[in-house]
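New to this one? Take a moment to look it over, then read on for a short guided walk.

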Amino acid sequence: MKIGLFIPCYIDAIYPEVGIATLELLEKLGLDVEYPMEQTCCGQPMSNEGDYKSAETAQKLFIQNFKDYEYIVGPAGSCVKQVRLHFDNLEQTDEVKQVRKNTYELVEFLHDILQVKSFPGVEFKHKVALHNSCSSIRGLGIAKPSEIIGTPYNKSADLLKMIEGLEIAEMSRPDECCGFGGTFCVTDEVVSGKMGKDKISDYVTSGAEYVVSPDMSCLMHQKGVALKNGITHLPFLHIAQVLNGGPF
């Protein structure tokens with residue numbers, strides 16, 4: 001299985017350890033992983049602001065970089081959602097359709113495509129709060145949203161439960177938005193900050209020792225809110241780091 005590793009620009013620039021953990025994890029699972037060196041932004045920031053002309057250039061480059069891979073895997077729900085659901089302004093050629101169809105967020109790829117059953121030799125003896133982003137839940141379906149009636153499921157939790165010693169903390173509102181929302185945290189700073197503060201309060205109340213998420217962008221926002229409010233004891237980790245056993 002030939003995999004194209006999609007590392008979003010903010011992870012590349014700020015959290016390279018998450019990209020390393022993702023690569024190591026996929027290689028441990030026996031996959032042939034390549035990192036296209038010409039990849040840049042997927043176009044999400046521009047697209048979110050309605051600047052589809054600027055987004056189109058980034059989107060076309062994305063297609064060019066990843067068109068020859070069987071699967072494209074990235075450790076970020078919002079960026080994967082951008083590719084799968086919001087490349088509509090491009091001409092829908094066979095290459096575009098193929099890339100969109102075969103681009104997966106890491107959790108759903110491990111859970112649905114590889115159907116991983118264990119992570120041998122990995123342990124994490126801590127109580128963790130799990131945050132699935134809005135994009136991952138409502139855009140990609142990695143967990144059941146609370147507003148939808150149906151049988152509960154949570155793909156991130158399924159994977160974390162395979163890790164020896166790990167305990168998932170019970171949250172009062174587990175799928176509530178943290179207030180990041182990309183440019184929302186800039187245009188609606190006060191509301192965004194209050195939502196983040198509510199989320200941090202829930203973590204502290206739950207007794208969590210770590211906060212874990214498939215989306216580092218949400219954790220970047222939440223960590224900033226935590227530090228601004230004097231919460232310095234709560235580390236934030238991407239799920240790839242936990243499933244891989246590092247780097248931390």
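What follows is a tour of the open and closed spaces, one helix pair and a few single residues.

## Before you start

Keep in mind that this is a predicted model.

## The largest pocket

Let's begin with the largest pocket, which holds about 500 Å³ of space. Its lining is made of 29 residues. If you want to find its centre, look for Gln44, Ser78, Phe180, Gly181 and Gly182, the lining residues that lie nearest to it.

Which elements give two or more residues to this lining? They are helix H1 (9-14), helix H3 (44-48), H5, helix H8 (134-139) and helix H12 (216-228). H5 gives the most, with four residues. Sorted by class, the lining of the largest pocket has 14 nonpolar, 13 polar and two charged residues.

## The second largest pocket

Next comes the second largest pocket, with about 360 Å³ of space. Here 17 residues form the lining, and Leu130, Asn132, Tyr153, Asn154 and Pro174 are the ones nearest the centre. The class split for the second largest pocket is 10 nonpolar, three polar and four charged residues.

## A closed space

Besides the pockets, there's a cavity to look for. How many cavities of 30 Å³ or more does the structure hold? Just one, and about 40 Å³ of space lies in the largest cavity.

The residues around the largest cavity are Phe6, Gln39, Thr40, Cys41, Ala58, Leu61, Phe62, Asn65 and Phe66. Six of the lining residues are nonpolar and three are polar, with no charged ones in the lining of the largest cavity.

## Where H5 meets H6

H5 turned up in the largest pocket as the element that gives the most to its lining, and it also has a helix partner. Helix H5 covers residues 77-85 and helix H6 covers residues 94-101; their axes come within 8 Å and cross at roughly 145°. The crossing of H5 past H6 is left-handed.

Who makes the contact? On the H5 side, look for Val83, Arg84 and Leu85; on the H6 side, for Val99, Arg100 and Lys101. By class, that contact has three nonpolar and three charged residues, and no polar ones.

## Two buried residues

Is Leu106 buried or exposed? Its relative accessible area is 0%, so Leu106 counts as buried. You'll find Leu106 in helix H7 (residues 106-113). Leaving out residues up to four places away in sequence, Leu106 touches Thr22, Leu25, Leu26, Val73, Gly74, Pro75, His238 and Ala240. Pro75 is worth a second glance: Leu106 and Pro75 are 31 residues apart along the chain, yet their C-alpha atoms are separated by 5.1 Å.

Gln241 sits in helix H13 (residues 239-244). With a relative accessible area of 2%, Gln241 is buried too, because buried means under 20%. Setting aside neighbours within four places in sequence, Gln241 is in contact with Glu17, Val18, Ala21, Gly246, Pro247 and Phe248.

## One exposed residue

For a contrast, try His233, in the loop between H12 and strand S8 (236-238). The relative accessibility of His233 is 52%, and the cut-off for exposed is over 50%, so His233 counts as exposed. Going by C-alpha atoms, His233 and Tyr210 are 8.9 Å apart in space, with their places 23 residues apart in sequence counted as the separation.

Methods
Residues numbered from 1 in each chain as written. Predicted model: local features only at pLDDT ≥ 70, side-chain atom pairs only at ≥ 80, totals over all residues. Heavy atoms only, no water. Axes fitted to C-alpha atoms, helices over the stretch in contact; angles between N-to-C directions. Left-handed = near helix turned anticlockwise from the far one by under 90°. Contact = heavy atoms within 4.5 Å. Nonpolar A, V, L, I, M, F, W, Y, C, P; charged D, E, K, R; others polar. 1 Å grid on protein atoms, 1.4 Å probe; cavity = no way out; pocket = protein on both sides within 12 Å on 5 of 7 lines; lining within 4 Å. Points joined across faces, edges and corners; volume = space filled by probe spheres on them. Buried < 20%, exposed > 50% of the residue type's maximum accessible area, 1.4 Å probe, protein only.
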